[in-house]
Amino acid sequence: MRKAFSKITDKLDSKSGSRIDAPPQALFGNSSRSGPPPINHASKPDRKVVYPQPGQRQPGPAPPLKVASTQHHGKMKFFHPAGHEHIVSRDVGNSGVLDGKIVWGWGDTLMGAGGRGSKANICATDSTSIGHLSDPMCATDTALWDNNEYVANFIPCLPHEEKDGGLVKYAFGGSNVIEYAPNQGLLFFLKIHRPHGKNIIKGAGVAPVTMHGNIPKCKREMETLWTKEEACYGDVGIAYDTRDGYVYAFGKGPQQDDEQLIRRTYLCRVFINCVFDISAYSYWHQDKKVWSPQRLTTHGQGGTAKLTYEQAIFPYLAMDRSAPFWSNYFNKWMFLYGNSWGYSDVYVMTADKLEGPWDKHGDIKICSTQPEGGEPVAGEFRYAVNGHPEWDESGKSVFVTWTKLNEIYGTTVVWE
């Protein structure tokens, strides 16, 4: 959700008729094929796309958490609906399943002017792509602006925001999409005001999402649910637990000059049928290990409680942004995540419940976000680590991505 691009790089658009070589796909489909991936989303894949949930399949014995192998896939590739590759710079990379399709969610999205040496320009403050089971490193940008060339924005401005400058002045960062009924999904979003290029968070809210053919549509109808004095719920990631019917939203604290709150992670939950009702939410107090219906604000006035460091479910710099998911292999909720230091590798946490307690498994490194080795380079931040369980419902393997220099990188982790 937060905009954290390290720099804008020069890009060269591929020609529409060009061929590409696919990355190695020993675990996902035929590794010998070349050319564009199968992106006919009307075709039937080998299996149904499923985002795992507790109780969807018979659980097996939970093994000890240990990595058997990893396979690094390099950089992600993006395709125009017509089938040719096009060059897009973007960050974040959360995912979910809606109407049987894999929906990728991105942050600031940039495209070049089409020639070598040309500068990339922002064409969306957040955007989507559609993934394909045969190749997790390829995705199709089905939602385009009217010019049928540039990637379109996903979360819309309200009419009065359009009159006030639209996406020139406002940005909307979205969480991962969850589906709670057939083709009925939702996301949490941040409303961000950008006067003179400075990001000012105005609050967080919730919006419904549905699939229209192959295009995800977000219908935002509210300003926000929470104010700028409250945590940015959903900014880290959200999850839906079908066992209790609650949506859980993890988010950083409110924007403060000292950044002490914004670097901690807070948690709220709400029954799925009440997700648009601010009075129905409850808030987790990590220090007391209890849920409370009282809203938490920096000022603690007007019937709210004062937001503290101790209420955070994850402490200072411990979590960047990552959506928790259910692992059918370990029979637990799982985070594949990075910390907020800027140069994080991939770590893991598991828990029986989304409020924890979360087991960090000794802070073991699952895989490197710099598989080529070498020392970290200043400004080449590696962040927004996200696990994507929909590529292997069994949970025996899990696909994980992260951002570095406006590119999305991916690795498949196989558990013992």
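# A friendly tour of strands, rings and a cavity

In strand β8, the bridge partner of I130 is T140. That pairing is a good doorway into this structure, which is a predicted model. From β8 we can walk to two open sheets, one of 4 strands and one of 5 strands. Along the way we will also meet aromatic pairs, 24 of them by count, and 3 cavities of 30 Å³ or more.

**Strand β8 and its partners**

- Start with how β8 is reached from β7: a hairpin joins the two strands through 2 residues.
- β7 and β8 run antiparallel, and 3 bridges join them.
- On the other hand, strand β2 (residues 77-79) runs parallel to β8, and 3 bridges join this pair too.
- Within the pairing of β2 and β8, F78 has A139 of β8 as its bridge partner.
- Is strand β8 enclosed or open to the outside? Of the 6 residues in β8 (residues 135-140), 6 are buried, so the strand is largely enclosed by the rest of the structure.
- As background, strands of a sheet pair through backbone hydrogen bonds, and they can do so in a parallel or an antiparallel way.

**The 4-strand sheet**

- Reading across this open sheet, the strands come in the order β1-β27-β26-β25, and their pairing is antiparallel.
- Which strands stand at the edges? They are β1 (67-75) and β25 (382-388); each has a single partner strand, so one side of each is left without a neighbour in the sheet.
- From one strand to the next, the twist averages 20°.
- Looking at one pairing here, β1 and strand β27 (residues 407-415) are antiparallel and share 7 bridges.
- You can find this pairing at V67, whose bridge partner in β27 is W415.

**The 5-strand sheet**

- This open sheet runs in the order β15-β16-β17-β18-β19, again with antiparallel pairing.
- Its edges are held by β15 (232-241) and β19 (290-292); each has a single partner strand, so one side of each has no neighbour in the sheet.
- On average, neighbouring strands of this sheet are turned by 30° against each other, direction ignored.
- Inside the sheet, strand β16 (residues 246-252) and strand β17 (residues 265-271) run antiparallel and are joined by 7 bridges.
- To spot these two strands facing each other, look for Y248, which stands opposite R269 in β17.

**Aromatic rings**

- How many aromatic pairs are there? The count comes to 24.
- One of them is Y246 with F271, an edge-to-face pair with 6.1 Å from centre to centre and 75° between the planes.
- Because Y246 lies in strand β16 and F271 in strand β17, this pair ties together parts that are 25 residues apart in sequence.
- Y246 counts as partly exposed, at 25% relative accessibility, and F271 counts as partly exposed at 35%.
- Another pair is F335 with W358: their ring centres are 4.9 Å apart and their planes are at 55°, so the pair is tilted.
- The F335 and W358 pair links distant parts of the chain, 23 residues apart: F335 is in strand β23 (residues 332-337), while W358 is in the loop between β24 (347-351) and β25.
- Are F335 and W358 buried or exposed? F335 counts as buried at 0% relative accessibility, and W358 is buried with a relative accessible area of 14%.
- Ring pairs also link F78, W104, W106, W391 and F399 into a cluster. You have already met F78, the residue whose bridge partner in β8 is A139.

**The largest cavity**

- Of the 3 cavities of 30 Å³ or more, the largest holds about 80 Å³ of space.
- Its lining is made of 16 residues, and N94, G105, W106, F154 and S175 lie nearest the centre.
- Which elements give two or more residues to this lining? They are β4 (88-98), β5 (101-111) and β7 (127-132).
- Among the contributors, β5 gives the most, with 4 residues.
- By character, the lining of the largest cavity divides into 6 nonpolar, 9 polar and 1 charged residues.
- Two residues or elements here connect to earlier topics: W106 belongs to the ring cluster, and β7 is joined to β8 by the hairpin.

Terms used
Residues are numbered from 1 along each chain as its sequence is written. This is a predicted model: local features need pLDDT of at least 70, side-chain atom pairs count only at pLDDT 80 or more; totals for chains, interfaces and linings use all residues. Side-chain values use heavy atoms; hydrogens and water are left out. Two strands pair if DSSP finds at least two bridges between them. Axes are lines fitted to C-alpha atoms, for helices over the stretch in contact, and angles run from 0 to 180 degrees between N-to-C directions. On a 1 Å grid over the protein atoms alone, a cavity is a set of points where a 1.4 Å probe fits but cannot get out, and a pocket is an open set with protein on both sides within 12 Å along at least five of seven lines; lining residues have an atom within 4 Å of a point. Grid points are joined across faces, edges and corners, and a volume is the space filled by probe spheres set on the points. Ala, Val, Leu, Ile, Met, Phe, Trp, Tyr, Cys and Pro count as nonpolar, Asp, Glu, Lys and Arg as charged, and the others, Gly among them, as polar. Rings of Phe, Tyr and Trp (its six-membered ring) pair if their centres lie within 6.5 Å; planes under 30 degrees apart count as stacked, over 60 as edge-to-face and the rest as tilted. Buried means under 20% relative accessible area, exposed over 50%, partly exposed in between (1.4 Å probe, protein chains only).
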